[in-house]
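Here are my comments on the model you sent, set out as numbered points for reading beside the structure. They begin with the whole chain and then move to individual elements.

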Amino acid sequence: MPRSIWSGAISFGLVTVPIHVVGATEDHSIRFHRYHLADQGRIRTRKVCELEDREVGSDEIGKGYELATSQIVPITDEDLRELPLPTARAIEIVAFVPLASVDPIRIGDGYYLQPDGQVAAKPYKLLRQALARSSKVAVARYAWSGRERLGLLRVRGEAIVLHAMRWPDEIRDPSSLTPPPVEVSEEEIEGALALMDTMTRDDLEGDEFRDTYTEAVAELIEAKREHRRPETVPEPEERPGQVLDLMAALQQSVSKAKESRGEDDHAEGDHAEVRELPGRKKKAPAGKTPGAEGAAKKPAGEKPTGGRATGGKATSKKAAPRKETSKSTAGKKTAAKEPAGKKATTRRPRSA
């Protein structure tokens, strides 16, 4: 269990819940040290007094507020502990609000609140169950590290979590970052919503939420330790710096998202490739359809045989009967292009 970083109580009206505060998160980032390239000696930051030009120990170091370059007002930990604040040793709940009413940008690090002994077990459980049933969060005030803060209390499993919150004046105004006015069509909005639907998840579990950077750094360190080359990673595909066709980009993103999840890209009314139906060719007038002059006049039951491409037109070995006066130029070209040694068949009208 992580060590306690603060001890106090939750003040809930006249109810007091003694608690310990412990860290709720861990940082697994790989840390690097600075070293001397010539001999790999560690480079450390030493605490040196500017006036005496010597290194000093922690017992000689205090803190204070600088009024001027040569004037410091010393402040001790005891001075801070004696501040006339009701929140100096308590987390005082001041309101209950819906979680949706709290801007996430104001929510900071999280801490678990652990009940301090048997005496705190019942009021702790009472507050946790009341928060869970109300579907609300508690907003509280508390003082840590020389300053008073706002906090948000919520339920996570069987525990109560305290999130540090920023004061309203600590949030910068984003109006200066607003992009210039542009028009977004309804079709583009629908495309973005379709992409959101394909990327919607019920949880945040899976390979997409793995810290691949830390894993890659660990592999790099291990490879260098073993004096081998690290595994190569394929170069990411280049993306254009500017989106020229927003709708095309949205549709392509939807297709890729569905493909990655093993879904059919053309399912459920999605946009499919439009092709001309073969049956539509039959509606064309005889003699008008390219490459099909004789196909429309075949006797019933006669199957066409494989044809040759002649001047961009398809011809068959068994052509439909024609009148002698209607010989086409294409037919003459076909006869001229028959393989060597093969006699060209003269087309004659069939008797009635």
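**Notes on the predicted model**

1. Among the contacts in the protein chain with a separation of 6 or more, 53% are made by residues 24 or more positions apart. Please keep in mind throughout that this is a predicted model. The protein chain has six helices and 13 strands, and buried residues make up 17% of its 352 residues. The protein chain exposes about 29100 Å², of which carbon and sulfur atoms supply 53%.

2. Aromatic rings deserve a look next, since the structure holds four aromatic pairs. In the pair formed by Trp-6 and Trp-144, the ring centres are 5.5 Å apart and the planes stand at 45°, so this pair is tilted; an angle over 60 degrees would be needed for edge-to-face, and one under 30 for stacked. The pair links distant parts of the chain, with Trp-6 in strand β1 (residues 4–12) and Trp-144 in strand β9 (residues 136–144), 138 residues apart. Trp-6 counts as buried because its relative accessibility is 11%, and Trp-144 counts as buried because its value is 10%.

3. Strand β1 takes part in another ring pair, as Phe-12 and Phe-96 form an aromatic pair that is edge-to-face, at 5.8 Å centre to centre and with 70° between the planes. Phe-12 lies in strand β1 and Phe-96 in strand β7 (residues 90–98), so this pair ties together parts that are 84 residues apart in sequence. Phe-12 counts as partly exposed, with 24% relative accessibility, and Phe-96 is likewise partly exposed, with a relative accessible area of 37%.

4. Which residues do ring pairs link into a cluster? They are Trp-6, Tyr-111, Tyr-142 and Trp-144. One of them, Tyr-111, also stands opposite Leu-162 in β11, and that strand is the subject of the next point.

5. Strand β11 (residues 159–165) is mostly covered, with seven of its seven residues buried. In a regular strand the side chains alternate between the two faces of the sheet. In β11 both faces are covered: Ala-159, Val-161, His-163 and Met-165 are buried on one side, and Ile-160, Leu-162 and Ala-164 are buried on the other.

6. How many bridges join β11 to strand β8 (residues 107–115), and how many join β11 to strand β10 (residues 147–156)? Five bridges join β8 to β11, and these two strands run antiparallel. Seven bridges join β10 to β11, again with the strands antiparallel, and the bridge partner of Leu-152 in β11 is His-163. The hairpin of β10 and β11 has two residues between the strands, and in this hairpin Gly-157 takes a positive phi near 65°.

7. Helix α2 (residues 121–134) can be checked for its length. At 1.5 Å a residue, its 14 residues should span 20 Å, and the end C-alpha atoms are 20 Å apart, which agrees. The buried residues of α2 are Pro-123, Tyr-124, Leu-127, Arg-128 and Leu-131, and these cover an arc of only 135° around the axis, which puts them on the same side of α2. An α-helix has 3.6 residues a turn, so residues three or four places apart point the same way. The face of α2 turned away from its buried side carries the exposed residues Lys-122 and Arg-133.

8. The backbone at the residue that follows α2 should be inspected as well. Ser-135 has a positive phi of about 60° although it is not a glycine, and Ser-135 is found in the loop between α2 and β9. Is Ser-135 buried or exposed? Ser-135 is exposed, because its relative accessible area is 60% and the cut-off for that class is over 50%.

9. A positive phi is also found at Asp-53, where the value is near 55° in a residue other than glycine. Asp-53 lies in the loop between β3 (48–49) and β4 (54–55), and with 63% relative accessibility Asp-53 counts as exposed.

How values were computed:
Residues numbered from 1 in each chain as written. Predicted model: local features only at pLDDT ≥ 70, side-chain atom pairs only at ≥ 80, totals over all residues. Heavy atoms only, no water. Phe/Tyr/Trp six-rings, centres within 6.5 Å; stacked < 30°, edge-to-face > 60°. Helix = DSSP H or I, 4+ residues; strand = E, 2+ residues; numbered from the N terminus. Buried < 20%, exposed > 50% of the residue type's maximum accessible area, 1.4 Å probe, protein only. Pairing = 2+ DSSP bridges. Contact = heavy atoms within 4.5 Å. Areas by Shrake-Rupley, 256 points an atom, 1.4 Å probe, with all protein chains shown as cover. Expected span 1.5 Å × (residues − 1). Arc of directions from axis to C-beta.
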